[in-house]
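This report describes one protein chain and its ligand for a reader who has not met them before. The sequence and the structure are shown first, and the description follows.

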Amino acid sequence: MSFRTIPSSPADPLRVVIVGAGGMGRAWLATVTESPEVMLAGIADLDVPLARSAADSAGLPDLPVGADAVALAQQTGAQALINVTVPEAHHPVTTAALFAGLPVLGEKPAAENVSRALSLAAAAEVTGELFMVSQSRRWNPQLAALREMIARLGPIGTVSTTFFRSEHFGGFRELMAYPLLIDMAIHAFDSARFLLQAEPVTAYCQSYNPPWSWYAGDANATVVFEMAGGTRYIYNGSWCSPGATTSWNGSWRVSGEKGTALWDGDHEPVLDGEVDAAEATGTPYSGIAGALQVFVRALRTGEPPSGEVHENVMSLAMVEAAVTSAASGRLEHLDDVLEQAHAQALREETRADVRDALAGWPSVREALTGTVPAETR
Ligand SMILES: NC(=O)c1ccc[n+]([C@@H]2O[C@H](COP(=O)([O-])OP(=O)(O)OC[C@H]3O[C@@H](n4cnc5c(N)ncnc54)[C@H](O)[C@@H]3O)[C@@H](O)[C@H]2O)c1
């Protein structure tokens with residue numbers, strides 16, 4: 001998708017407003033204030049005293065704050081928004097920004113469900129503004145190294161992630177129906193798409209809650225995805241598994257024709273196989289600072305970044321397909337999940353211009369990924 005470019009440089013940094021002064025908003029505040037490529041113009045939160053205290057604790061007592069992010073951006077002459085609100089606010093805040101002529105870098109997930117995320121992809125098309133989702137783990141240099149490594153393994157049969165942790169969060173996560181799938185697994189699903197450079201086709205999921213679980217909803221899940229080209233991606237995880245916990249990134253195994261690559265999630269990946277040596281090129285981007293660099297560079301060059309909303313929606317669609325399969329007990333086709341979300345988006349859309357854009361898509365998969373859905377099942 002093409003979008004409006006904005007020139008910037010360290011001598012003329014991109015002016016941004018952060019919206020959302022919660023835990024992750026403060027992490028973004030630190031990242032933005034350290035970056036030479038952007039300048040913080042203000043911080044917004046519905047809870048204005050919280051925004052003020054975030055600015056104060058960052059040593060910025062004079063930073064403009066407000067409840068309405070777009071109004072604050074307009075008052076301060078900001079050129080872009082970083083949306084770190086709760087998932088339910090991603091759609092209204094990002095839509096308002098795009099239609100006010102502000103490109104958006106948003107925290108994952110793109111929106112609270114695929115239907116709302118499709119509406120945002122269409123809003124980006126209508127306005128011609130960039131909406132990029134910061135999926136922070138995609139910007140992990142070890143994951144980038146693993147991707148380079150597995151390109152030498154020939155065809156890939158299986159990729160698996162095990163994620164076993166024992167976390168007492170309190171609060172909303174312990175009350176959600178599918179805390180692991182909805183709040184956490186998107187990182188691994190997105191990383192699997194990034195590694196394989198392939199999109200999901202089907203999902204089968206069993207989600208369950210072990211007897212000792214301190215979560216109201218299912219703390220455990222096992223999901224099998226068929227990816228385009230036939231590779232199976234298997235995610236096996238738990239939030240309530242004491243002992244021998246894995247990395248927050250999970251533990252990965254990639255099995256190919258010529259060997260196997262392993263990544264423990266915290267150290268450099270290792271390769272076991274009969275493959276030619278190759279020089280690793282690496283990546284200059286890391287974590288949310290990397291996502292910010294990529295966003296600024298995309299606005300300068302007009303090159304669609306990794307995480308541009310159309311592409312990113314497929315990771316959220318994997319979550320929705322897994323949850324749908326857990327509830328139905330059946331294998332679910334991603335194209336069905338996408339088409340149902342599209343129908344819901346058309347029913348619920350309140351903006352005529354966004355509805356027209358959604359209605360003009362040849363198929364959801366084609367609009368998101370440029371590939372046509374498989375005709376036969
Ligand atoms: N990438 C990661 O590793 C990672 C880690 C944690 C959270 N996150 C994501 O970051 C986002 C924020 O998470 P958090 O833990 O900081 O949540 P939080 O609840 O601590 O903070 C969210 C803030 O958004 C504010 N808010 C809600 N609606 C708003 C609106 N319409 N306008 C302005 N402010 C509004 C709330 O008042 C709150 O202060 C979520 O999307 C979450 O999934 C990502």
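Gly259 stands opposite Gly273 in β13. The two strands concerned, β12 and β13, pair in the antiparallel sense over four bridges. Six residues lie between the strands of this hairpin, and Gly265 there takes a positive phi near 90°. These descriptions, like all that follow, refer to a predicted model.

**The eight-stranded sheet**

The hairpin belongs to an open sheet of eight strands with mixed pairing, in the order β13-β12-β11-β7-β10-β9-β8-β14. Its edge strands are β13 (270-273) and β14 (332-333), each of which pairs on one side only. Helix α7, residues 179-196, packs on this sheet and touches β7 (156-164), β8 (200-208), β9 (220-227), β10 (232-238) and β11. The direction of α7 makes about 150° with that of β10. Strand β11 (residues 251-256) runs antiparallel to strand β12 (residues 259-263), and five bridges join the two. Within this pair, Arg253 stands opposite Leu262 in β12.

In the loop between α7 and β8 lies Gln197. Although Gln197 is not a glycine, its phi is positive, at about 50°.

**The six-stranded sheet**

A second open sheet has six strands in the order β3-β2-β1-β4-β5-β6, and the pairing is parallel. Strands β3 (65-66) and β6 (131-134) each have a single partner strand, so one side of each is left without a neighbour in the sheet. Helix α4 (residues 87-99) packs on the sheet, in contact with β1 (14-19), β4 (80-83), β5 (104-107) and β6. The direction of α4 makes about 175° with that of β4. Strand β2, residues 38-44, is joined to β3 by two bridges, and these strands run parallel. Here Ile43 stands opposite Val65 in β3.

The loop between β5 and α5 (114-127) holds Pro109. The peptide bond that leads from Lys108 to Pro109 is cis, with omega near -10°.

**Annotated regions**

Two domain annotations come from an unreviewed UniProt entry. The record gives residues 14-133 as "Gfo/Idh/MocA-like oxidoreductase N-terminal". For residues 145-261 the record lists "GFO/IDH/MocA-like oxidoreductase". The table sets out the computed composition of each range.

| Residues | Helix | Strand | Distance between end C-alpha atoms |
|---|---|---|---|
| 14-133 | 48% | 22% | 18 Å |
| 145-261 | 21% | 36% | 11 Å |

**The ligand site**

Which residues are closest to the ligand? In total, 22 residues surround the ligand, and the closest are Met24, Asp45, His90, Lys108 and Ser136. Lys108 is also the residue that precedes the cis peptide bond to Pro109. His90 places an N or O atom of its side chain 3.2 Å from an oxygen atom of the ligand. A backbone N or O atom of Gly23 likewise lies 3.2 Å from an oxygen atom of the ligand. A nitrogen atom of the ligand lies 3.3 Å from a polar side-chain atom of Glu107. Taken alone, the ligand exposes 860 Å², and the protein buries 75% of that area.

Methods
Residues numbered from 1 in each chain as written. Predicted model: local features only at pLDDT ≥ 70, side-chain atom pairs only at ≥ 80, totals over all residues. Heavy atoms only, no water. Pairing = 2+ DSSP bridges. Contact = heavy atoms within 4.5 Å. Axes fitted to C-alpha atoms, helices over the stretch in contact; angles between N-to-C directions. UniProt positions renumbered as here; feature names shortened; annotations may be inferred. Near = heavy atom within 4 Å. Polar contact = N/O pair within 3.5 Å; in protein donor to acceptor, adjacent residues only side chain to side chain. Areas by Shrake-Rupley, 256 points an atom, 1.4 Å probe, with all protein chains shown as cover.
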